[in-house]
Amino acid sequence: VSRPLPDAEAQPEDGAGLFEEEEIPRAGPVGHLVAGIVPVLLGLFCLVYSISLSVGTPVNPGPGLWPATASVLLIVAGLWSLVFERHRRDGEAFTRGGLGIGIGIVTLIVYVFAMRRVGFEIPTLLVLAFWLRFLGKESWLMTAIVSACTTAVFYLLFIVLLGAPIPRLTFY
Amino acid sequence: VDFFDPMLSGFEVALHPTNLLYVLAGVVIGMIIGVLPGLGPVATIALLLPITYEISAESAIILLAGIYYGAMYGGTITSVLLQLPGEAATVITTIDGYQMARQGRAGAALGISAIGSFIGGTISILGLTLLAPVLAQFALDFGPPEYAVLALAGVLLVATLGTVSAAKSLIAASIGLLLATMGPDPVLASPRFTFGVDGLADGVDFVALAMGLFGLGEILYNLEHRARAKLGRAKVSNVWPSKEDWRQSRGAVGRGSVLGFVIGLLPGGGGVLSSMAAYAVEKRRAKQPERFGRGAIEGVAAPESANNAAATSSFIPLLTLGIPTNPVMALIFGALLLQGIPPGPRLIDENPEVFWGVVDSMYIGNIFLLILSIPLVGLFVKLVMVRDSILAPIVVMVTMLGVYTVNNAVFDMFIVIFFGIVGYLMKKTGFEPGPLVLAFVLGSILETTFRQSLRIFDGNPAGFFGRPISATLIGLTLLILLVPFALARMRTHRQLSDESADSPGAEKATTRDSVD
């Protein structure tokens with residue numbers, strides 16, 4: 001698909017990516033195939049589900065008519081991308097850096113469960129420290145200072161200033 | 001008189017000490033996050049949505065608007081001094097801005113971009129002040145079919161004017177439309193796509209969705225793309241551009257401002273697209289285009305004027321029609337809904353303090369930015385030293401706690417994590433989350449008005465062409481969609497006939513050019 005602006009094409013749209021362009025390799029053909037097929041499959045699933053909700057008639061639409069329309073749009077756009085854009089190499093490969101991101105996500109899920117049980121203070125401190133020290137490779141000193149100060153600021157902001165009913169540390 | 005009174009009382013709102021503080025806070029936060037490469041205005045506004053819920057509507061929007069146009073100023077500073085665009089809308093400024101800095105003209109580049117931004121912003125606010133009430137008056141006659149067409153145009157144009165491939169943007173937009181259908185059917189109230197999960201009974205919460213895709217997703221993506229700034233020390237000496245600089249760039253400032261204003265009105269147009277378009281225009285009409293890329297001051301003046309003008313004019317469709325045209329406007333749409341104020345043509349009359357307060361605060365905000373941006377340059381450059389490894393965990397924790405405070409729901413925290421993963425995967429695979437969020441916002445408008453229209457037309461979609469306003473809107477949309485396509489086609493054709501004479505392989509090469 002052509003663009004009106006040739007200059008726009010040459011520029012990466014993300015500032016941070018500007019210098020890392022060559023460091024993260026482009027995705028291979030399998031990666032692109034998966035990225036192309038997933039939207040089509042999702043569209044098919046939504047279409048089947050929408051039809052099961054009853055589509056109705058144009059004068060008297062059922063709950064499924066609109067989602068079915070959107071699903072068809074998704075399938076068509078997905079197929080279009082799959083067929084006509086298979087030479088565009090705009091996906092990135094998953095590198096070792098992706099592992100750290102996976103671990104980071106796991107810590108956030110643990111955080112939500114922990115916060116409900118023991119209040120937000122200690123989990124916040126620990127997750128911050130983990131991200132700083134192990135994902136960010138900061139020094140222990142920096143980790144201690146930043147995580148402690150941030151937790152204190154959060155306490156002031158959310159509890160003292162905004163009075164938000166976030167689960168808090170309780171002493172039995 | 002009818003028009004000046006509410007406009008002047010808007011200044012009362014904007015000049016109220018509390019709101020002055022919010023304008024100042026907004027533009028300063030905007031400049032700061034504009035400087036920080038890991039955090040843009042979209043992510044920041046998404047993160048601040050829970051906090052805006054706690055303050056009055058006009059203050060909330062004044063703050064968020066300030067962040068948006070403030071970021072356009074901030075991003076410039078690092079683009080010029082460090083060749084490190086803090087913000088997508090200033091990527092194009094790095095080309096000539098950094099060259100100017102290397103030639104010892106960093107001051108002139110920063111000075112002209114501050115002045116250009118101020119002029120572009122102010123011209124655009126004037127346009128907003130004059131045009132918005134007229135447009136809102138006109139839009140009062142719109143019925144469901146007109147809104148259906150407008151919302152559909154919004155979704156389609158965002159997809160095609162975006163920065164990534166049209167098909168991929170359309171995929172993202174359709175997923176947004178489908179996500180918007182989760183929860184009760186708007187007419188029959190029967191559950192859809194809830195899969196028996198309690199937390200989904202009312203559909204996906206907009207704030208959680210936006211914070212996940214824009215906030216967490218962006219952070220996760222940037223973690224992998226950690227920008228290691230090559231910190232060259234550019235000296236900023238004389239920040240005022242010389243007479244010669246001004247003479248050379250005033251045309252670019254004017255053209256950039258007008259172009260930015262117009263592009264900002266279009267769905268999908270915003271800071272990013274307008275800055276690139278303005279640069280392209282200047283380069284094309286320059287007598288010596290080879291100067292561009294080697295420190296041409298017009299290459300800084302035009303995009304910087306344009307991105308500020310666009311940031312302001314993109315408020316017009318939102319505040320008068322209730323149609324957000326870019327991701328930032330989608331977030332501000334969400335912020336207004338959180339406050340119980342549906343944006344639309346009635347906003348000006350029913351909530352004049354919000355409308356005029358916000359518009360008038362922009363005049364003040366731009367003056368603040370002009371005053372602040374030059375003396376604080378040194379300070380802002382130091383901000384780049386804040387490492388992503390420190391910034392990211394703090395932002396992530398703000399997201400998690402912030403989203404909880406909106407509905408006091410743990411479920412929303414899981415939604416954020418889920419959409420954080422989705423946002424990360426989308427960016428990895430070449431999709432943009434912007435069209436998804438925009439279509440999510442427009443989705444419920446689109447479905448409701450579409451169904452109402454079908455009822456009006458007795459089930460015959462041809463009815464959309466039978467009403468003068470909706471037919472005109474369809475025509476305009478098709479025009480905007482097809483003109484760039486036709487232009488590119490013509491260009492390819494010309495190239496083809498030029499080159500096919502030279503080599504037999506030329507045809508193949510040019511066709512591939514137009515596809516990629």
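## A first look around this two-chain model

The largest nonpolar core holds 170 residues, and those with the most contacts inside it are A:Leu108, A:Tyr111, A:Ile166, B:Leu81, B:Met397 and B:Met400. Helix 4 of chain B, covering residues 57-82, gives the most to this core, with 16 residues. There is also a second, separate core of 6 residues, and B:Ile92, B:Ala286, B:Phe292 and B:Ala296 are among them. In soluble globular proteins, nonpolar side chains tend to be buried together. Keep in mind as you look around that this is a predicted model.

**Chain A in brief**

Chain A is easy to sum up: it has 6 helices and 0 strands. Read from the N terminus on, its elements go α-α-α-α-α-α. Chain A has 172 residues, and 45% of them count as buried. What about contacts across the sequence? Take the contacts in chain A between residues at least 6 apart in sequence, and 57% of them join residues at least 24 apart.

**Where two helices of chain B meet**

Now over to the start of chain B. Two packed helices are described by the angle between their axes and the distance between the axes. Helix 1 (residues 4-15) of chain B packs against helix 2 (residues 17-35) of chain B at an angle of about 75°, and their axes are 5 Å apart. That makes helix 1 of chain B roughly perpendicular to helix 2 of chain B, because angles of 65 to 115 degrees count that way. On the helix 1 side, the contact is made by B:Val13, B:Ala14 and B:Leu15, while helix 2 brings B:Pro17, B:Asn19 and B:Leu20. Sort the residues of this contact by kind and you get 5 nonpolar, 1 polar and no charged.

**Two helices, end to end**

Helix 12 of chain B spans residues 298-313, which makes 16 residues, and its first and last C-alpha atoms are 22 Å apart, close to the 22 Å expected at 1.5 Å a residue. Is helix 12 of chain B enclosed or open? Of its 16 residues, 16 are buried, so helix 12 of chain B is largely enclosed by the rest of the structure.

Helix 19 of chain B has 19 residues and reaches 28 Å from its first C-alpha to its last, close to the 27 Å expected at 1.5 Å a residue. After helix 19 of chain B comes B:Gly430, with a positive phi near 85°.

**Some buried spots in chain B**

Here are four buried residues of chain B, with their places and relative accessible areas.

| Residue | Place in chain B | Relative accessible area |
|---|---|---|
| B:Thr44 | helix 3 (residues 41-52) | 6% |
| B:Phe333 | helix 14 (residues 327-338) | 8% |
| B:Ala101 | helix 5 (residues 93-102) | 10% |
| B:Asn351 | loop between helix 15 (347-350) and helix 16 (352-373) | 18% |

Who surrounds them? Leaving aside neighbours within four places in sequence, B:Thr44 is in contact with B:Ile29, B:Ile33, B:Leu39 and B:Ile67. On the same terms, B:Phe333 is in contact with B:Leu318, B:Gly322, B:Pro324, B:Pro343, B:Val441 and B:Ile445. For B:Asn351, again without those within four places, the contacts are B:Ile341 and B:Arg346. B:Asn351 has a relative accessible area of 18%, and it counts as buried because the limit is under 20%.

A few distances help with getting your bearings. B:Ala101 and B:Gln83 are 18 residues apart along the chain, and their C-alpha atoms are separated by 9.2 Å. B:Phe333 and B:Tyr147 are 186 residues apart along the chain, with 16 Å between their C-alpha atoms. For B:Asn351 and B:Val197, 154 residues apart along the chain, the C-alpha separation is 37 Å.

**Two loop residues with a positive phi**

Most residues other than glycine have a negative phi. B:Asn408 is not a glycine, yet its phi is positive, about 50°. B:Asn408 sits in the loop between helix 18 (388-407) and helix 19 (410-428) of chain B, and it is partly exposed, with a relative accessible area of 40%.

B:Asp458 also has a positive phi, near 55°, in a residue other than glycine. Which loop holds B:Asp458? B:Asp458 is found between helix 20 (433-456) and helix 21 (463-466) of chain B. At 60% relative accessibility, B:Asp458 counts as exposed.

Key:
Residues numbered from 1 in each chain as written. Chains lettered and ligands numbered in written order. Predicted model: local features only at pLDDT ≥ 70, side-chain atom pairs only at ≥ 80, totals over all residues. Heavy atoms only, no water. Helix = DSSP H or I, 4+ residues; strand = E, 2+ residues; numbered from the N terminus. Expected span 1.5 Å × (residues − 1). Buried < 20%, exposed > 50% of the residue type's maximum accessible area, 1.4 Å probe, protein only. Core = buried A, V, L, I, M, F, W, Y, C linked by side-chain atoms within 4.5 Å. Axes fitted to C-alpha atoms, helices over the stretch in contact; angles between N-to-C directions. Parallel < 35°, antiparallel > 145°, perpendicular 65-115°, else oblique. Contact = heavy atoms within 4.5 Å. Nonpolar A, V, L, I, M, F, W, Y, C, P; charged D, E, K, R; others polar.
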